[in-house]
Amino acid sequence: MKITTTGRRIDVTSGLKDYIEKKLSKLDKFFSDESTAQATLSVQKDDHIIEVTIYHEGMIFRAEVRDADMYAAIDRVVDVLERQIRKQKTRLEKKLREGAFADYADVDDYAEEEEFKIVKTKKYENKPMSVEEAILQMNLLGHEFYIFNNAKTLDKEVVYKRKDGNYGLIELS
């Protein structure tokens with residue numbers, strides 16, 4: 001797996017970079033050599049944040065961890081990613097490296113999700129609107145995201161509320 005490390009408002013030292021590569025290499029058993037991982041380190045006040053995104057054959061695995069210590073955050077983000085992969089073991093076996101779960105054959109410490117359960121279905125009128133109108137509608141409904149047709153392009157788009165309080169826009173192609 002190819003690993004790229006970047007820092008936002010933090011200098012990534014060679015020791016920190018080596019530690020990230022060492023810890024993420026534990027996940028090599030799941031991914032092929034063509035897979036890529038992007039680790040982004042940042043600091044906000046007293047929080048050290050690491051966000052790791054792994055791209056593997058069209059699939060994206062992502063985890064973000066905040067901690068007072070950057071090295072502890074790195075340890076925890078690897079655990080979170082491994083837990084995600086093991087939880088979805090059955091669905092992922094066909095997409096991940098052959099024999100990736102051989103070490104976990106008789107270990108069942110994570111309850112695997114048997115099926116995705118849809119508990120509610122909603123229908124809504126899909127009229128074209130501006131991005132600002134979609135954000136307003138999302139806030140009025142109290143949702144974290146809102147799907148709409150952009151009035152200018154008539155394409156389907158998604159607005160969502162980010163953890164930092166700002167908004168994001170996903171343009172579907």
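Colleague: Which residue follows helix H4, and what is the sign of its phi?

Modeller: Gly-142 comes right after H4, and its phi is positive, near 75 degrees. Helices (H or I, at least four residues) and strands (E, at least two) are DSSP runs numbered from the N terminus. This is a predicted model, where local features need pLDDT of at least 70 and side-chain atom pairs count only at pLDDT 80 or more, while totals for chains, interfaces and linings use all residues. Residues are numbered from 1 along each chain as its sequence is written, and side-chain values use heavy atoms, leaving out hydrogens and water.

Colleague: How do I read burial, and which residues of H4 are buried?

Modeller: Buried means under 20% relative accessible area, exposed over 50%, and partly exposed in between (1.4 Å probe, protein chains only). In H4 (residues 131–141), Ala-134, Ile-135 and Met-138 are buried. They cover an arc of only 100 degrees around the axis, taken from the directions from the helix axis to the C-beta atoms, which puts them on the same side of H4. The face turned away carries the exposed Glu-132 and Leu-140.

Colleague: And the sheet: in what order do the strands S1, S2, S3 and S4 stand?

Modeller: Two strands pair if DSSP finds at least two bridges between them. Here 4 strands form an open sheet, S1-S2-S3-S4, with mixed pairing. Strands S1 (2–8) and S4 (59–67) are at the edges with a single partner strand each, so one side of each has no neighbour in the sheet. S2 (residues 36–44) and S3 (residues 47–56) pair in the antiparallel sense over 9 bridges; Thr-40 has Glu-51 in S3 as its bridge partner.
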